[in-house]
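Trainee: Please take a close look at the salt bridges in this model. I would like one connected account of the pairs and their surroundings.

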Amino acid sequence: MVDLSQLLEARPVRLEPLAEHHIEPLRAACAEDQEIWEIYPVSMLDDNFDRAMRAFHDLKSWVQFAVISTATGKLVGMSNYINPDVTTRVTEIGGTYIAPSVRGSGFNDVMKKLMIDHAFDCGFTRIEFRVDTRNKRSMAAVLKLGATHEGTLRKNRITWTGYVRDTAVFGLLKDEWVR
């Protein structure tokens, strides 16, 4: 298995493999946006945070990162490689949250490019993104990276609120990637 769990850094982003010392700062970062969790599959607020973190720790097929702002040294979010498969050379990037303080600044773009470059450098040839169709900002960001909208899975996932969401699926191939 390829080890995707490495420290990745490019100003203003540092991605550190998620560790116990990241948990409380992540809790605080997640609490900075009370409304956004309505369109996430899980809630990371209040008691839901502890349940979600226990579930994430049980996900052996996820490579989890704490997202740090190098400008402030503050933990501002999380992101993951989901189900990296060395046989098919496909992985998904998702489960991403970044605090409002770094949104709209190009921070997410740098973070995703770090993750994309690293996955392709590790031999993966396809990266997928799966986004709730209500999350227009995330869909626009994925398209800006050069991914192709390959379709929408209708009513395929029930979120923590009970909402049955549609999921837009995007793909990015290594031979399409422009660094």
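Mentor: The model is predicted, and Arg134 pairs with Asp132 in a salt bridge whose closest N and O atoms are 2.7 Å apart. The two partners differ in burial class. Asp132 is buried, because its relative accessibility of 3% falls under the 20% cut-off. Arg134 has a relative accessible area of 29% and is therefore partly exposed.

Elsewhere, shared partners link salt bridges into one network made up of Glu92, Arg126, Glu128, Arg130 and Glu150. One contact between members of that set is the salt bridge of Glu128 with Arg126, at 2.9 Å from N to O. Both of these residues, Glu128 and Arg126, are buried.

Another pair to consider is Lys74 and Glu32, which form a salt bridge with 3.1 Å between the closest N and O atoms. Lys74 sits in the loop between β3 (62-69) and β4 (75-85), while Glu32 sits in the loop between α1 (23-30) and α2 (46-57), so this salt bridge ties together parts 42 residues apart in sequence. As for accessibility, Lys74 is partly exposed at 41% relative accessible area. Glu32 is partly exposed too, with a value of 34%.

The general background is brief: oppositely charged side chains can pair when their charged atoms come close. With a limit of 4 Å between a side-chain nitrogen of Lys or Arg and a carboxyl oxygen of Asp or Glu, the count comes to 11 salt bridges.

Note on methods:
Residues numbered from 1 in each chain as written. Predicted model: local features only at pLDDT ≥ 70, side-chain atom pairs only at ≥ 80, totals over all residues. Heavy atoms only, no water. Helix = DSSP H or I, 4+ residues; strand = E, 2+ residues; numbered from the N terminus. Buried < 20%, exposed > 50% of the residue type's maximum accessible area, 1.4 Å probe, protein only.
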